[in-house]
Amino acid sequence: MQVSIVGSGYVGTTVAACLADMGHEVYNIDIDEGVVEQINDGQSPIHEPGLDALVSAYGGSTLQATTDYDAITETDLTMLALPTPNEADGGIDLSAMKAGIESVGNALREKDGYHLAVVKSTVIPGTTETELKPILESASGKTDGDEIGLAVNPEFLREGSAVDDFMEPDKIVVGTDGDTRALDLLARLYEPIVADWDIPVVETGRPEAEMIKYANNAFLASKVSLINDLGNICKEFGVDSYEVADAIGMDDRIGERFLRSGVGWGGSCFPKDVDAIRHAAREAGYEPQLLDAAVSVNDQQPERLLELLDDHVDVSGERVAVLGLSFKPGTDDIRNSRAIPVIERLLDRGATVVGYDPVAMDEMREQFPDIEYASSPDEALDGASGAVVVTDWDEFAALDEEFDAMAQPVIVDGRRIIRRREGVTYEGLTW
Ligand code: UGA
């Protein structure tokens, strides 16, 4: 099939490269000329395992990047993978989506035959129907369900495993309100992976598809906050919350994944989506009490981590190592990383902060230009009166005698990754 993807961010580039790998001819449209050039030269604009190989294999051939929306007329369907960031009050900013769908509509004026537009971005239930459809119809001069279709097909990719998640998803959600031509096109698009892996395809309404994305992220974020809440209780009783989690995870109704308690969730998705759906709920007149609580628990974990450090060291005037800066391992993304409140609160306490991360130091340097950055964990630990672990990078599991170089060997582990060592004071955040 011929497919166009609008947006070359983390979702757009991953989807475009994976669809090219599935045998489709893909146009990836972005306003950033630098990114377009990079993709056509075979270089991935984002750091994501497996993506470099795909962009290098297809970039400039069956994956063509362009700034020109007219490429859409060469294709059967267009996916919109544009950012929907939060406004200051938690609501979502639809300006990129609105501009994008208008450009798609303008291009479609020149196309003969049915064309499907697909919303991949995360939008509040009802947005496609009430906000995006009118723009698409008026820009294209065509009618939804007649010469054009508009579907919602949310993405469940995790950063750090986006390519694998796209190629072998748990489910594919297609919200079409029963438009059979839309369903047929999406079935043809995903046929290679659906057939290979027997993936369930959920055919549903457009608002349901929009809500499934929020519910998925809100549920997972709340699951982590619930295990963090239970983990905090475990800590008070001297109980190992990881043993508790392993046991409860054996109950199919609970499930073993997303039960790793610690310093909490970050990233571009959980915080953004949980805030957006809480805001939308409030506007609709409903108080989302459990989601509010999930956010409160998440907000308190960095302070709890530091209170455990306070129990052993007065960090004022002391050097403290922060191990891990990205919001999770496998990515250089620091958006809403728990390292940010941890560093802020250490600075408030008067500590000299030295950060280390295998890939995310340049990003953190932009946020905190005045703290120190070490080129290795050893260098970060050397002379430190205390270390906190914020990201579960594998390399931290191998640390051992490096702790002996600390001025005061106290470790507070926010991710259950550090091996205990004789002579080193070790505190687990929730165990
Ligand atoms: C999340 C969802 O998992 C994806 O399905 C979704 O597509 C994506 O958001 C999105 O909306 O685009 P992501 O933010 O990449 O993916 O990362 P996760 O692996 O879900 O981790 C989120 C945060 O939760 C991380 O800070 C992680 O450290 C934390 N976490 C996760 C825990 O603290 N404990 C756990 O057991 C699991």
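Which residues are linked with Asp177 and Arg206 in a network of salt bridges? The answer is Glu129, Lys133 and Asp144. The legends below describe close-up views of a predicted model.

**View 1. A network of salt bridges takes in Asp177 and Arg206.**
Five names belong to this view: Glu129, Lys133, Asp144, Asp177 and Arg206. Within the network, the side chains of Arg206 and Asp177 meet at 3.0 Å, N to O. Arg206 sits in helix α8, while Asp177 sits in the loop between β7 (172-175) and α7 (180-197), so this salt bridge ties together parts 29 residues apart in sequence. Arg206 is buried, at 6% relative accessibility. Asp177 is partly exposed, at 44%. In general, side chains of opposite charge can pair when their charged atoms come close.

**View 2. Glu155 and Lys120 form a salt bridge.**
The structure holds 27 salt bridges. In the one between Glu155 and Lys120, the closest N and O atoms are 2.6 Å apart. The pair links distant parts of the chain, 35 residues apart. Glu155 belongs to the loop between β6 (148-152) and α6 (162-167). Lys120 belongs to the loop between β5 (115-119) and α5 (127-140). Both partners are buried: Glu155 has a relative accessible area of 9%, and Lys120 has 4%.

**View 3. Glu159 and Arg335 form a salt bridge.**
Here the closest N and O atoms are 3.6 Å apart. The pair links distant parts of the chain, 176 residues apart. Glu159 is in the loop between β6 and α6. Arg335 is in the loop between β9 and α12 (339-348). Is Glu159 buried or exposed? Glu159 is buried, with a relative accessible area of 7%. Arg335, at 45%, counts as partly exposed.

**View 4. Strand β5 is mostly covered.**
In β5, 5 of its 5 residues are buried. His115, Ala117 and Val119 point one way. Leu116 and Val118 point the other way. In a regular strand the side chains alternate between the two faces of the sheet. Strand β4 (residues 77-80) runs parallel to β5, and 4 bridges join them. Thr78 stands opposite Ala117 in β5.

**View 5. An open sheet is built from 6 strands.**
The order is β11-β10-β9-β12-β13-β14, and the pairing is parallel. Which strands lie at the edges? They are β11 (372-373) and β14 (425-428), and each pairs on one side only. Strand β10 (residues 352-356) pairs with β11 in the parallel sense, over 2 bridges. Tyr373 in β11 is the bridge partner of Gly355. Strands of a sheet pair through backbone hydrogen bonds, either parallel or antiparallel.

**View 6. Helix α11 lies across four strands, β9, β12, β13 and β14.**
The helix covers residues 289-310. Its strands include β9 (319-323), β12 (385-389) and β13 (408-413). Helix α11 runs at about 155° to β13.

**View 7. A nonpolar patch lies on the surface.**
Leu226, Leu230, Ile233, Phe237, Val239 and Val244 form this patch. Together they have about 540 Å² of accessible area. Which helix gives the most to the patch? Helix α8 (residues 206-236) does, with 3 residues. Ile233 lies in helix α8. Its relative accessible area is 44%, so Ile233 is partly exposed.

**View 8. Asn336 and Arg416 each have a positive phi, although neither is a glycine.**
For Asn336 the phi is about 55°. Asn336 lies in the loop between β9 and α12. At 38% relative accessibility, Asn336 is partly exposed. For Arg416 the phi is also about 55°. Arg416 lies in the loop between β13 and β14. Arg416 is partly exposed too, at 27%.

**View 9. Gln38 has its place in helix α2.**
Helix α2 covers residues 33-40. Gln38 counts as partly exposed, at 26% relative accessibility. Beyond its neighbours within four places in sequence, Gln38 is in contact with Gln43, Ser44 and Pro45. Gln38 and Ser56 are 18 residues apart in sequence. In space they are 9.9 Å apart, C-alpha to C-alpha.

Conventions. Residues are numbered from 1 along each chain as its sequence is written. This is a predicted model: local features need pLDDT of at least 70, side-chain atom pairs count only at pLDDT 80 or more; totals for chains, interfaces and linings use all residues. Side-chain values use heavy atoms; hydrogens and water are left out. Two strands pair if DSSP finds at least two bridges between them. Contact means heavy atoms within 4.5 Å. Axes are lines fitted to C-alpha atoms, for helices over the stretch in contact, and angles run from 0 to 180 degrees between N-to-C directions. Patches are made of residues with over 30% relative accessible area and no salt bridge: like charges are joined within 9 Å, nonpolar side chains (Val, Leu, Ile, Met, Phe, Trp, Tyr) within 5 Å. Accessible areas come from the Shrake-Rupley method with a 1.4 Å probe; for residues, only the protein chains shown count as cover. A salt bridge is a side-chain nitrogen of Lys or Arg within 4 Å of a carboxyl oxygen of Asp or Glu. Buried means under 20% relative accessible area, exposed over 50%, partly exposed in between (1.4 Å probe, protein chains only).
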